[in-house]
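User: Please take a close look at one part of this model, the surroundings of the ligand. Walk me through the contacts there, then the wider setting.

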Amino acid sequence: MDTRPPTPDIRGSRSGTRAWRHPAVRDSSLFRRPGPGDPPRPIRVPPMARRKQIYEGKAKILFEGPEPGTLVQYFKDDATAFNNKKHGTITGKGVLNNRISEYLMTRLNEIGVPTHFVRRLNMREQLVREVEIIPIEVVIRNVAAGSLSTKFGIPEGTQLPRSIVEYYYKNDELNDPMVSEEHITAFGWASVQELDEILSLSLRINDYLSGLFLGVQLRLVDFKLEFGRFYHEDEDVQIILADEISPDNCRLWDMTSGEKLDKDRFRRDLGGVAEAYQEVARRLGILPEGGPRDIPGPRTMQ
Ligand code: C5P
């Protein structure tokens, strides 16, 4: 039985409001605030055939996880662009994005950025904490490209005077319109405090990832983040990073040649899409041995 109230509480604990959470979550140590150095817990993951699908997106499928409040995030090879108008398959993309996102989320966890990532389960799946997704895409830009260049007539590659943060309302029917902080708080998609937290986490993530990619000769031009509300067992509500970070939602250019190593290769029919994703993984030192082959994952993870 779904015990959720009809309207989710978006105010969070900072305003003194106690939020709803799933009763089964109470006893699970997965739901303590994630801390560095937490020992891994043995988790039995049911085979894919027995999993209940919760949601299918353009590039990922979410299945019910092995414990209440967990999900299994499965990475597909499917690619879409221009709000689903362009479709394709990039062989091995799911395997690479699973690894790349695992790597980046792990690094972010290590510097204290809370994320939904728990652990990678196999080549295409990772275990994540279930969150209530905030229906906002946060785009952080360091260099003019894509829609910013089109909208304001700024040539691609122009260094921006400072990082620019934009918000888009996640709604395919409306074509994900750009929105202001006023829209977000007035329409109740997030509270003022939540938005403050989202902005400060986004800027921190941008600083950290810009440096990380610079270290492997990649320019982090722009990227998109999604956040969710995580309900702790002590009924505290925390904003944490969700979704994925991969060349599907980042623009990454080679520092010297300017070569695009991201989804723009698919969007703009530049060819060599899988190779570009592999190159990002190679530079990060995580290219699966022998390339992004599919190897069935173990069913029981330690
Ligand atoms: O298209 P635009 O220039 O606005 O994209 C900015 C950044 O956000 C790009 O890195 C793009 O990959 C990412 N993005 C995304 N999902 C969307 C829209 C943009 O990952 N729906």
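Analyst: In this predicted model, the side chain of glutamate 137 places an N or O atom 3.1 Å from a nitrogen atom of the ligand. Arginine 141 also uses its side chain: one of its N or O atoms lies 2.8 Å from an oxygen atom of the ligand. Asparagine 249 makes its approach through the backbone. A polar backbone atom of asparagine 249 is 3.5 Å from an oxygen atom of the ligand. On its own, the ligand has 450 Å² of accessible area, and the protein covers 78% of that.

Now the shell as a whole. It holds 15 residues around the ligand. Arg141, Ser147, Asp222, Arg251 and Arg267 come nearest. By class, eight residues of the shell are charged, four are nonpolar and three are polar.

Where do at least two residues of the shell come from in each case? One helix, α2 (146-152), supplies at least two. So does each of the strands β10 (136-143), β13 (218-231) and β15 (250-254).

Next, the chain that carries this site. The protein chain has six helices and 16 strands. Of its 302 residues, 53% count as buried. Among contacts in the protein chain with a separation of 6 or more, 61% join residues 24 or more positions apart. The accessible surface of the protein chain comes to about 14,500 Å². Carbon and sulfur atoms account for 52% of that surface.

Notes:
Residues numbered from 1 in each chain as written. Predicted model: local features only at pLDDT ≥ 70, side-chain atom pairs only at ≥ 80, totals over all residues. Heavy atoms only, no water. Helix = DSSP H or I, 4+ residues; strand = E, 2+ residues; numbered from the N terminus. Buried < 20%, exposed > 50% of the residue type's maximum accessible area, 1.4 Å probe, protein only. Contact = heavy atoms within 4.5 Å. Areas by Shrake-Rupley, 256 points an atom, 1.4 Å probe, with all protein chains shown as cover. Near = heavy atom within 4 Å. Polar contact = N/O pair within 3.5 Å; in protein donor to acceptor, adjacent residues only side chain to side chain. Nonpolar A, V, L, I, M, F, W, Y, C, P; charged D, E, K, R; others polar.
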